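Let's take a walk through this structure together, starting from a single residue and working outwards. Keep the viewer open as you read.

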Amino acid sequence: MTVELQDLALAVKRLQHRHHRTLDARLAPLGTTLVQWDALRAISRHPDASSHRLAQLTFQTDQSFGTLAGRLVARGLIDRIAGPGRAIRHRLTPSGEALLRKGHTVVNEVFSKSFSTLTPTELDTLYDLLTRLLHGPGEPLTE
């Protein structure tokens with residue numbers, strides 16, 4: 001069987017969309033959204049990153065990330081610290097770290113269920129194939 005490339009791309013997008021919908025629903029009882037939780041994760045993984053870099057890592061525009069960061073500051077989840085020049089650095093507060101940890105549990109549960117029909121070998125193969133595509137022609141992997 002030879003799959004049509006558009007059908008393959010659509011299947012990847014549908015899985016991503018299902019993950020996003022499910023994660024938003026499962027993170028809501030924690031008082032957060034996938035977008036907010038992803039920002040906390042990016043800040044945790046890249047504590048010295050600029051706002052611009054964090055926007056890239058979270059698939060947002062600079063303006064969108066700035067607005068989101070402002071909301072996270074207002075909720076006491078992150079602190080913004082002046083960096084070199086006009087750069088602003090971000091750090092998780094203890095509340096932000098706690099929410100990130102709780103979210104990790106939810107995300108791991110959702111992904112475990114989603115990928116449960118694949119064997120460990122198939123998961124490794126899928127990861128290798130996706131990583132190869134991300135490092136292939138076109139845009140480099142950003143994280």
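Start at Thr-32, which is buried, with a relative accessible area of just 4%. Bear in mind that we're looking at a predicted model here. Thr-32 sits in the loop that links helix H1 (5-27) to helix H2 (34-45). Its side chain makes a polar contact with the side chain of Gln-36, at 3.0 Å. If you set aside residues up to four places away in sequence, Thr-32 touches Leu-27, Trp-37, Arg-75 and Leu-99.

Now zoom out for a moment to get your bearings. The chain has 6 helices and 2 strands, and reading from the N terminus the elements go α-α-α-α-β-β-α-α. The C-alpha atoms fill a box of roughly 55 × 35 × 25 Å along the principal axes. Of the 143 residues in the chain, 26% count as buried. As for how the chain comes back on itself, look at contacts with a separation of 6 or more: 53% of them involve residues 24 or more positions apart.

With that in mind, head for the inside. The largest nonpolar core has 24 residues, and the ones with the most contacts inside it are Leu-40, Leu-54, Phe-65, Leu-72 and Ile-78. Who contributes? H1, H2, helix H3 (51-57), helix H4 (62-74) and H5 each supply at least two residues of this core, and H2 gives the most, with 6 residues. Leu-40 is a good one to click on: leaving aside its neighbours within four places in sequence, Leu-40 is in contact with Leu-72, Leu-77, Ile-78, Leu-92, Gly-96, Leu-99 and Leu-100.

Several of those partners take us to H5. This helix covers residues 94-114, so 21 residues in total, and it reaches 30 Å from its first C-alpha to its last, close to the 30 Å expected at 1.5 Å a residue. Its buried residues are Gly-96, Leu-99, Leu-100, Gly-103, Val-106, Val-107, Val-110 and Ser-114. Because they cover an arc of only 130° around the axis, they lie on the same side of H5. That buried set packs against H1, H2 and S2. Spin the view and you'll find the exposed residues Pro-94, Arg-101 and Lys-102 on the face of H5 turned away from its buried side.

Next, the strands. S1 (residues 78-82) and S2 (residues 88-92) run antiparallel and are joined by 5 bridges. In this pairing, Ala-82 stands opposite Ile-88 in S2. The hairpin has 5 residues between the strands, and within the hairpin Gly-85 takes a positive phi near 65°.

Gly-85 has a counterpart worth a look elsewhere in the chain. Which residue other than glycine has a positive phi, near 60°? That's Phe-59, found in the loop between H3 and H4. Is Phe-59 buried or exposed? At 72% relative accessibility, Phe-59 counts as exposed, because the cut-off for that label is over 50%. Set that beside the place where we started: Thr-32 also lies in a loop, but at 4% relative accessible area it is buried.

Terms used
Residues numbered from 1 in each chain as written. Predicted model: local features only at pLDDT ≥ 70, side-chain atom pairs only at ≥ 80, totals over all residues. Heavy atoms only, no water. Helix = DSSP H or I, 4+ residues; strand = E, 2+ residues; numbered from the N terminus. Buried < 20%, exposed > 50% of the residue type's maximum accessible area, 1.4 Å probe, protein only. Polar contact = N/O pair within 3.5 Å; in protein donor to acceptor, adjacent residues only side chain to side chain. Contact = heavy atoms within 4.5 Å. Pairing = 2+ DSSP bridges. Arc of directions from axis to C-beta. Core = buried A, V, L, I, M, F, W, Y, C linked by side-chain atoms within 4.5 Å.
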